[in-house]
Amino acid sequence: MSLGSIPTFFGDRQTGFAGVIDFAEAGEGIRGWILRIDQPDRPVAWSLMAGDEEIVAGFADAVREDISLALGREAHCTLSIEWSRVAPEAVKRLSRLADNLPLRVVLSETGQEVPWSVERPTVSWLLLVLRSVAPAVAKRSEASSWDRRSGYDLEREESREAKGEAIAGGLSSLASLAEPKRPSVRVRRTMLEREPSGADKIAEASPSHVGGASRAWMGPTLEEWPLAVAPPVSGTTERAAEAQLAADQVADTQSNGGPAASSETRGHRIAAESTPSLQYAPQSVVREAPSGRPTMGLAVDSLFAFDGIMCAEGWVFGAEHVTLSAEGAELPPSTIIYLDRADVASAFRLQDEIARGFVAIWVSPPQVTAVTIAAGPASALSFTLSPTFENPQEHARRLIETHKRAAVFILRKALDRPKWVQLALRSLSDAPEHFKNARAFIEEAKALSGIGGMIIGWSICVPPCAVIAVSDDGTARQLNDASRWTRDDINAAFGSEFGTFTFDAGFITTLHAAVDASGPVSLVAVTDAAAYIIARAPWVPAPVDPVSFAKWAFELPTPSFTFGDRLSAHDGPLLECLIRQRNAGLRQLKAEVISFGARNADPICSIVIPVYGRHDFALHQMLEFAEDPFIGSRAEIIFVLDDPRLAETFVRQADDHSRLIGLPLQIAVSGVNRGFSGATNLGARLTTAPHILLLNSDVIPTESGWLETMLAPLTKSESIGAVGARLLYPNGTIQHDGMDFEWEPSLGAFLNKHPGMGYPAASDGPSATTCKAVTGACMLLRRTDFETVGMLDDEFLIGDFEDSDLCLKLREMGREIVLVRDVSLVHLERQSFQLIGGGSFRERVVRYNAWRHQRRWSEKITDLQAFQGSAEF
């Protein structure tokens, strides 16, 4: 090999160096070569690094024959890193680093990294190696600090830094040994901590906790390592096994200073340590042959519970699987993931496929104090451990980062655990170009502080892939129940690629939890083996006023026949929360009450009239009230002005009318728009009479005495809860003559219907009759009953169904509803109500209110379908 043909594995020829790391073995160290090309006889300084921490340094100074022959001169370029050269202080620093951090060999002169032609080890691999070699070295060196100890008996994990100190203590005996080999101890029982990496690796041992204090790196005393037992072979009885155990105990005593062990007691052995009353992971046990060859091993790296999920993590070899139980009964996990553990195989010099890692996950596990994890025939190896609750979130984070399949399981089966979902989301990357299972885009993501969020966009996925909407705080929901519609633009763009899966690509979905609007919302595609982020968008604030939110949301193009399902699954609960939030704020506001004229001292009925949009109807009502002697002397009139825009005009004109016609009245100036129910309830709280008449401002009496007639049934029978009146259109036809409930298939709900509407009013028939319900445009009831049922429900949107809801609540109390037909009032139906809007928005408001009414009263209304009115009450 000439100088011109020397392979330059890093940099270029101008760097002046060539080399490679071509060997890394647990028992032999790390080897390779680094050549100073122009001065091959001059050694090169190197450092073994983990991150920015230097573990050990030296020179590539030994002669390497093959390079020397190629160059025709001596090449001092051999790099050899032996474990005996690692100082205890370096191990302490190493133990504080991330477990999956790869090792690096760096040129001291230039800072360049030397490449590896073998798999690059990690921090955890090195700590495992150091753990493996330290006790063997200590045993051979017969250091007094080890006495007659072998192996490890480390019971409780304190911290990784403490573990580093323990390893460092063991390594202090390595200095005089050039080539440490893997320990020849027959049995080891260790505590291990799980180390995250793509290949699922082991971590180092931890200090034990004895008498409340940590002890450094040392094996158990003879008393702490009491037994070595031979596993029963085929046909071995329990009694024979007990005899073998006794023989092995004698053999162990002899091997520690007594007479020579009998040859009959040699063979496969397993150590059994005294089990404390409460043990925690990490723990491990390895069975070895007399030759030192490991035959079976089991480790539990962690067992912890966090946010309603319990997890066990570890590795096994020499057995096909692990079994899990608690209190003598099987404890089947929600899932158990098996995976390759090449690091374990390397550490114990096994074939890669023999060593397997496992992750067991229980979602909503039963309450257990301990879990038994076993492997091998007749559970030859086992631990009974208690789940730890110390820093469980860190355990969960490391598990998710280590095991991508665990993240996939969480996203498929545990979306109701937001802390886990958040960890899973943070472990994901964007979808690679080769991922063709799903496409998606977020067009709008609107958040409601403290309530939730609504996401609009399009998505396509090919089963069994699923798409999930996930907020940055872990709030998540699958899109399989999204409200959908056809998007012609998406069909045109992706139809050739995804075919029928582009159908109904448009979607609406919601997150019904207090989302973190400071972070983004993501769409995640999840397959059986992987998960990727396929779309991402920032949250923006949604309107917090219920009507404004409804105007935005109801414009989204969901088909009418699916609108009810959409409300149940998505924006309905959000809108309900907004309405409750608004109402809670409105109840804190005080209304200004203005009185005109001297109030009646002992009223029998209070008339409550909300005013919105138009006040001229109310002025006309005043004129009619003034003509009725009963109202003038026995009634209390309360107008509730629910439109701040009319305050100045209405108050001034009401004052003028009251003075002119001598009608005492009160005006409660709301200051805000509370809606029909909110305004009516506000007025009802100001009443003093035993009866309350709920009256629309567009209902005009045509003659006196009507209120006395309506009061008669209430005073006659305690069984009556509400009394309504026949209402007519201005042309004399019927507007209201009692209320019925009619099923509307397109809404999937019962609607309020007015039988006889638009027909001429019949003059014959009973003057009063029971009915299913009456309109709130003119409804008389006792104030005590009104208060008992919670007044009008103010959580309907804008105004609908409050009256039938009130009647059904009274029916639940056992009260009857009565309609009086021998009085007539004119109803200018909804001429003021129309000011809130119409068209498709108005239609969707009705659908929303019908959906809400149906959820509460479906069964009661169904029972009422056979009801027939009666004049007997």
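Helices here are DSSP runs of H or I with at least four residues, numbered from the N terminus. Keep that in mind, and one more thing: this is a predicted model.

Let's start with one residue. Asp 571 lies in helix H13. That helix covers residues 571-586. Does its length make sense? What span should 16 residues give at 1.5 Å a residue? The expected span is 22 Å, and the end C-alpha atoms are 22 Å apart, so the two agree.

Next, which residues of H13 are buried? The list includes Asp 571, Gly 572, Leu 574, Leu 575 and Glu 576. Further along come Leu 578, Ile 579, Asn 583 and Leu 586. And what covers them? Strands are part of the cover: E24 (438-448), E25 (452-461) and E29 (506-511) are among the elements. Helices are there too, including H11 (546-553), H12 (563-569) and H21 (839-864).

Back to Asp 571. Buried or exposed? Its relative accessible area is 1%, and buried means under 20%, so Asp 571 is buried. Its side chain has a partner. A polar contact of 2.5 Å joins it to the side chain of Arg 566. Now leave aside neighbours within four places in sequence. Asp 571 then touches Met 454, Thr 510, Phe 549, Ala 553, Phe 554 and Arg 566.

Pick Phe 554 from that list. It takes us to the rings. A pair of aromatic rings is described by the distance of the centres and the angle of the planes. How many aromatic pairs does the structure hold? There are 16. In one of them, Phe 554 meets Phe 563 edge-to-face, with 5.4 Å between centres and 80° between planes. Both Phe 554 and Phe 563 are buried.

Phe 554 also pairs with Phe 841. Here the centres are 6.3 Å apart and the planes are at 40°, so this pair is tilted. Where do the two residues sit? Phe 554 is in the loop between H11 and H12, while Phe 841 is in helix H21. They are 287 residues apart, so the pair links distant parts of the chain. Phe 554 has a relative accessible area of 5%. Phe 841 is at 9%, and counts as buried.

Last stop: other rings. Phe 304, Phe 306 and Trp 420 are linked into a cluster by ring pairs. Charges meet rings as well. Arg 356 puts its charged end over the ring of Tyr 338, 4.2 Å from the centre. Arg 811 has its charged end over the ring of Phe 867, 4.9 Å from the centre.

Technical notes
Residues are numbered from 1 along each chain as its sequence is written. This is a predicted model: local features need pLDDT of at least 70, side-chain atom pairs count only at pLDDT 80 or more; totals for chains, interfaces and linings use all residues. Side-chain values use heavy atoms; hydrogens and water are left out. The expected span of a helix is 1.5 Å times one less than its number of residues. Buried means under 20% relative accessible area, exposed over 50%, partly exposed in between (1.4 Å probe, protein chains only). Contact means heavy atoms within 4.5 Å. A polar contact is a pair of N or O atoms within 3.5 Å; within protein, one must be able to donate a hydrogen and the other to accept it, and residues adjacent in sequence count only if both atoms are side-chain atoms. Rings of Phe, Tyr and Trp (its six-membered ring) pair if their centres lie within 6.5 Å; planes under 30 degrees apart count as stacked, over 60 as edge-to-face and the rest as tilted. A charge sits over a ring if NZ of Lys or CZ of Arg is within 6 Å of the ring centre and within 35 degrees of the ring normal.
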